[in-house]
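Trainee: I would like a close look at one part of this structure, taken slowly. Please start with the chain as a whole and then go to a single strand and what lies around it.

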Amino acid sequence: MDRIVTNTIKMDTGERCCLIIDKVSKLPLYYPCLYISSELRKKNESISTIELHSASIALFYRFLNLKKIDIEERIRSAEFLRLQEIDALKEFITNRMKKEKVVNLDSGGRVSSNTQYFRLTAITKYLEWLCDFFTVSYKRDHRLIDKFIAKMKSHRPKIRFRNQGSANDKNLNKNQLKILFNILKVGSEMNPFNSDVQKRNKLMISILYHLGLRAGELLNIKVTDIDTGSQTISINRRADDPNDSRIKQPLVKTLRRKLPISDELSNDIFNYIKTERRNHRTKKDNGYLFICHKKGKTFGEPLSIQAYHKIINALKNSCPELSRMTGHKLRHTWNYEFSSKMDQMDNPPNQYEQEQMRSLLMGWKEGSGTASTYNRRFIENKAAELALNMQKEMSNRGGV
């Protein structure tokens, strides 16, 4: 069942490459790997996107092994998948998988309709490419392929798009923030971390909250990106950096930019670099701000995305009020507080200027529309407040 796995490797150039491998033969699967190299990498997809597509294709080949289906032979003979097999595939891909390998079943239930949709879409795109590949070789009637692909697409579930519905619970409220930073106080009995990493972890969460960064941006910061003189941090893109030892490299999805930092945050960063970080770096310093403190093979290496998620999960489990916390909610919180600050100003910038400012600080392309949609929670709260005030006034006037 679990013989088909995905494996990401780092090449000498620094480029990360994802392979789909048969664990029994120890060999890459020819057609899936050809698809990854000729289609996904050619389109300059990020390694994270390639890994997601590869995981879906690996899952598909697990299904084929289970059902003893030779998909290449089926396509050569224009048989494709039968309707009952497509139904079985649709059911198979609903299984929740372990994140690190995708091919190991976890008894934790079913994935969301959004994930099911993505998996079937990725598999269908691969099948469409595979059909086209063999059509060129064998000159088959393309109408049969079109019919098969349409049948595959029709089996995708309906999904609820991200921007539909309520935007509630996107950010942390004042009480949750107070609890969070009380827990993170160095030496606090509530602090879930060892004393050796408490200052580092507190600084990481402080930067996420005060600057609204993504996890990939946080983990990509180098000491040289910080200018304590001008009190700024530069957010730079470093995809496929050969000096980054992490196979699963955290990526910066946004534009490069320079962000101002407060006196307090600047001092906290400076003190961490001069004390905590200095005590845990190796002789061959990699330059990344946040490094691994734990003794062992990864000591002094850049902090991994897995370690970051462990930190967030430890905070989630530290008290009930933070049980739904994510690192990205701190980015939403920053945006909510940005809107609140604009609303409190006597003479605030107009909407266009606010969107320009927000886009600049968040690293979004101007005019992308992200700035206007990110603030939905704040707008919803203001609308609800206005509606309640109207109802009170109407009741006072005897309008009930």
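Mentor: What follows goes from the whole chain to one strand, S7, and then to the core that S7 contributes to.

Keep in mind that this is a predicted model. The chain has 400 residues, and 44% of them count as buried. Its secondary structure consists of 15 helices and eight strands. Along the principal axes, the C-alpha atoms fill a box of roughly 75 × 70 × 40 Å. If you take the contacts with a separation of 6 or more, 63% of them are between residues 24 or more positions apart. The exposed area is about 22,600 Å², and carbon and sulfur atoms supply 50% of that. The chain carries 71 positive and 45 negative charges, and the mean positions of the two sets are 3 Å apart.

Now the strand. S7 covers residues 232-235. Is it buried or exposed on its two faces? Both faces are covered: Thr232 and Ser234 are buried on one side, and Ile233 and Ile235 are buried on the other.

S7 has strand partners to look at next. Strand S6, residues 226-227, runs antiparallel to S7 and is joined to it by two bridges. One pairing to find on the screen is isoleucine 226 with isoleucine 233 of S7. S6 and S7 form a hairpin with four residues between the strands, and in this hairpin glutamine 231 takes a positive phi near 55°. Strand S8, residues 257-260, also runs antiparallel to S7, and four bridges join these two. Here isoleucine 235 has arginine 257 of S8 as its bridge partner.

From the strand we go to the core. The largest nonpolar core has 44 residues, and those that touch the most other members are Leu180, Ile205, Ile207, Ile269, Phe290, Tyr308 and Leu330. S7 is one of the elements that give two or more residues to this core; the others are helices H7 (174-183), H8 (198-211), H9 (215-219), H10 (263-280) and H11 (305-316). H8 gives the most, with seven residues.

Isoleucine 207 is a useful residue to click on. Setting aside neighbours within four places in sequence, isoleucine 207 is in contact with Gly212, Leu213, Leu218, Leu265, Ile269, Leu289 and Phe290. Apart from this core lies another one, of 40 residues, including Tyr35, Phe80, Leu81 and Ile93.

Note on methods. Residues numbered from 1 in each chain as written. Predicted model: local features only at pLDDT ≥ 70, side-chain atom pairs only at ≥ 80, totals over all residues. Heavy atoms only, no water. Buried < 20%, exposed > 50% of the residue type's maximum accessible area, 1.4 Å probe, protein only. Contact = heavy atoms within 4.5 Å. Areas by Shrake-Rupley, 256 points an atom, 1.4 Å probe, with all protein chains shown as cover. Lys, Arg positive; Asp, Glu negative; His and termini not counted. Charge placed at Lys NZ, Arg CZ, Asp CG, Glu CD. Core = buried A, V, L, I, M, F, W, Y, C linked by side-chain atoms within 4.5 Å. Pairing = 2+ DSSP bridges.
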